[in-house]
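Here is a set of short exercises to work through with the model open beside you. Try each task first, then follow the solution step by step.

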Amino acid sequence: MKVHFIGIGGIGVSALAQYYLTKGHKVSGSDLTPSEITQALKKKGAIIKIGNHKKGNVSKDTNLIVYSPAVKPDNPERTEAVRRKLKIQSYPEALGELTRQHFTIAVSGTHGKSTTTAMLGLLSTKAGLDPTVIVGTKLKEFKDSNCRVGKSKYLVIEADEHFASFLNYRPQIIVLTTVEADHLDYYKNLKNIMRTFRKYIELLPQDGILVANKEDKNISQILNTPRKVPKKTLFYSIKQKEAKNLKKILKVPGAHNVSNALAALTVARILKIGDKASFKALSRYRGSWRRFEEKTVSLGGRRCTLISDYGHHPTEIKVTLGAAREKYPKKKIWCIFQPHQYQRTYYLFKDFVKAFKEAPIDRTIITDIYDVAGREEGKIKKKVSSEKLVKAVNIKNVAYLPKEKITDYVKGNSKEIDVLIIMGAGDIYSLTKSLQRRR
């Protein structure tokens, strides 16, 4: 079979492309810009076209089209597929098909999805369950890939809530980490988010199991709604006795990662994996791509710890900067933050202000908001900016700088930096790569 992926450079879509490649299918794809992900797929045999989407990218032997949820209906490759009456699926629909063919464990929630999925994928692999794993980050243990294809019945996936994508999935086990306001360009308010999570939980079969974070108030409220509740709900808590041991053995810092590990441990017990094997696997988890990913670089001739992090929500800023201070209590810590999407910055503005006011670090540089094509409203773009955010924070150690001036500014102040955190879900990652090349 020949499968063509529109938006193949996306972290989810690319994982599915790898799945089909590993299964022996022909894979092609298109994306607007090249990336590490598209280059890796090329090396594995995918034919990839970079640049504006064109109907000619859909070859004559194509059997299936899979497109990113961000791809619009008038995309020339989608319209060409419609004209030729090809089978067309969104990424969530295609992944949904796989969930129906496997015993699926879906990790969901506003925060912690990628790390918990990665931990559970690694843990179940080390325990010999040979799962297929599809995750929204790359793992060193999976040869820097976001997909592992196993031969067993088990499928471990990161189930994204944006666009209500997870309603396409049919898992036997759902892990629910946190529920908070986000993706308000789609959901509009927290009430709609909670209502959608509720619908998702109700998709569990009669013998399905929900694994839920006991500390999360919104999860508690969802489960207290007088509607169908899963027959079997298991809670994990940062207060349980295993938390202390996990904090000692985990290589990734922060209470939030202890909570993620507890979620993975709870699922492992459902799967009859012994605690000894689980703790051993979790102790060997080295973190994942752009999730508190640490490197050593040279800044102005000084060795500096560089941390790349995907965090782009106020809560993620809070826990990540807190974890950095916990790990490096006496170091001088700086953070470069790129807000992701004007609408998120606008709707969560007060939460961003609070997060930066209370940040336990020495200096924060906020650069321009990353504009997410096709997901912004012109009126909102005029109402919010990074300069306005910095002004609202109104403390001396938080400042604004345009992206092109950051490298020189950091080099000029290298004596003041022991740990440099580069945070955001946009193209700020290019700064991380640039600084690594200067090593």
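**Exercise 1. A residue in a loop**

Task: Decide whether Ile 361 is buried or exposed, and find what it touches.

Solution. This is a predicted model, so every value here is computed from predicted coordinates.

Step 1: The relative accessibility of Ile 361 is 8%. Buried means under 20%, so Ile 361 counts as buried.

Step 2: Ile 361 sits in the loop between helix H14 and strand S16 (363-366).

Step 3: Leaving out residues up to four places away in sequence, Ile 361 touches Leu 321, Arg 325, Ile 333, Trp 334, Cys 335 and Asn 397.

Step 4: For a position distant in sequence, take Val 419: it is 58 residues from Ile 361 along the chain, and the two C-alpha atoms are 9.8 Å apart.

**Exercise 2. The helix beside that loop residue**

Task: Work out how far helix H12 reaches and which of its residues are buried.

Solution.

Step 1: H12 covers residues 314-327, 14 residues in total. From first to last C-alpha it reaches 20 Å, close to the 20 Å expected at 1.5 Å a residue.

Step 2: The buried residues of H12 are Pro 314, Glu 316, Ile 317, Thr 320, Leu 321, Ala 323, Ala 324 and Arg 325. Leu 321 and Arg 325 were also on the contact list of Ile 361.

Step 3: Now look at the cover over these buried residues. It includes helix H10, strands S14 (302-309), S15 (333-337) and S18 (419-423), and helix H14 (349-357).

**Exercise 3. Two packed helices**

Task: Describe how H10 and H11 pack.

Solution.

Step 1: Two packed helices are described by the angle between their axes and the distance between the axes.

Step 2: For H10 (residues 255-270) and H11 (residues 275-283), the angle is about 150 degrees and the axes are 10 Å apart. Their crossing is right-handed.

Step 3: H10 brings Ala 261, Leu 265, Ala 268 and Arg 269 to the contact, while H11 brings Asp 275, Ser 278, Phe 279 and Leu 282.

Step 4: Sorted by class, this contact holds five nonpolar, one polar and two charged residues.

**Exercise 4. The cores**

Task: Find the largest nonpolar core and then a second, separate one.

Solution.

Step 1: In soluble globular proteins, nonpolar side chains tend to be buried together.

Step 2: Here the largest nonpolar core has 74 residues, and those with the most contacts inside it are Phe 5, Leu 16, Ile 134 and Ile 421. Helix H1 (residues 11-22) supplies the largest share, seven residues.

Step 3: A second, separate core has 38 residues, including Met 119, Ile 173, Ile 273 and Ala 281.

Step 4: Take one residue from the largest core. Leu 16 touches Phe 5, Val 66, Tyr 91, Ala 94, Leu 95, Leu 98 and Ile 134, not counting residues up to four places away in sequence.

Step 5: Tyr 91, Ala 94, Leu 95 and Leu 98 are among the buried residues of helix H4 (residues 91-101). The cover over the buried residues of H4 includes H1, along with strands S4 (64-67), S5 (87-90), S6 (103-108), S7 and S9.

Step 6: Take one residue from the second core. Ile 173 is in strand S10 and is buried at 1% relative accessibility. Its contacts, again without residues up to four places away, include Phe 103, Thr 104, Ile 105, Ala 106, Val 267 and Ile 270.

**Exercise 5. Backbone and burial in one loop**

Task: Compare Phe 163 and Ala 164: what is the phi of each, and is each buried or partly exposed?

Solution.

Step 1: Phe 163 is in the loop between strand S9 (154-158) and strand S10 (173-176), and Ala 164 is in the loop between S9 and S10 too.

Step 2: Phi is near 60 degrees for Phe 163 and near 55 degrees for Ala 164. Each is a positive value in a residue other than glycine.

Step 3: Phe 163, at 31% relative accessibility, counts as partly exposed, whereas Ala 164, at 10%, counts as buried.

Methods
Residues are numbered from 1 along each chain as its sequence is written. This is a predicted model: local features need pLDDT of at least 70, side-chain atom pairs count only at pLDDT 80 or more; totals for chains, interfaces and linings use all residues. Side-chain values use heavy atoms; hydrogens and water are left out. A nonpolar core is a set of buried Ala, Val, Leu, Ile, Met, Phe, Trp, Tyr and Cys residues joined through side-chain atoms within 4.5 Å. Buried means under 20% relative accessible area, exposed over 50%, partly exposed in between (1.4 Å probe, protein chains only). Helices (H or I, at least four residues) and strands (E, at least two) are DSSP runs, numbered from the N terminus. Contact means heavy atoms within 4.5 Å. Axes are lines fitted to C-alpha atoms, for helices over the stretch in contact, and angles run from 0 to 180 degrees between N-to-C directions. A crossing is left-handed if the near helix is turned anticlockwise from the far one by less than a right angle, and right-handed if clockwise. Ala, Val, Leu, Ile, Met, Phe, Trp, Tyr, Cys and Pro count as nonpolar, Asp, Glu, Lys and Arg as charged, and the others, Gly among them, as polar. The expected span of a helix is 1.5 Å times one less than its number of residues.
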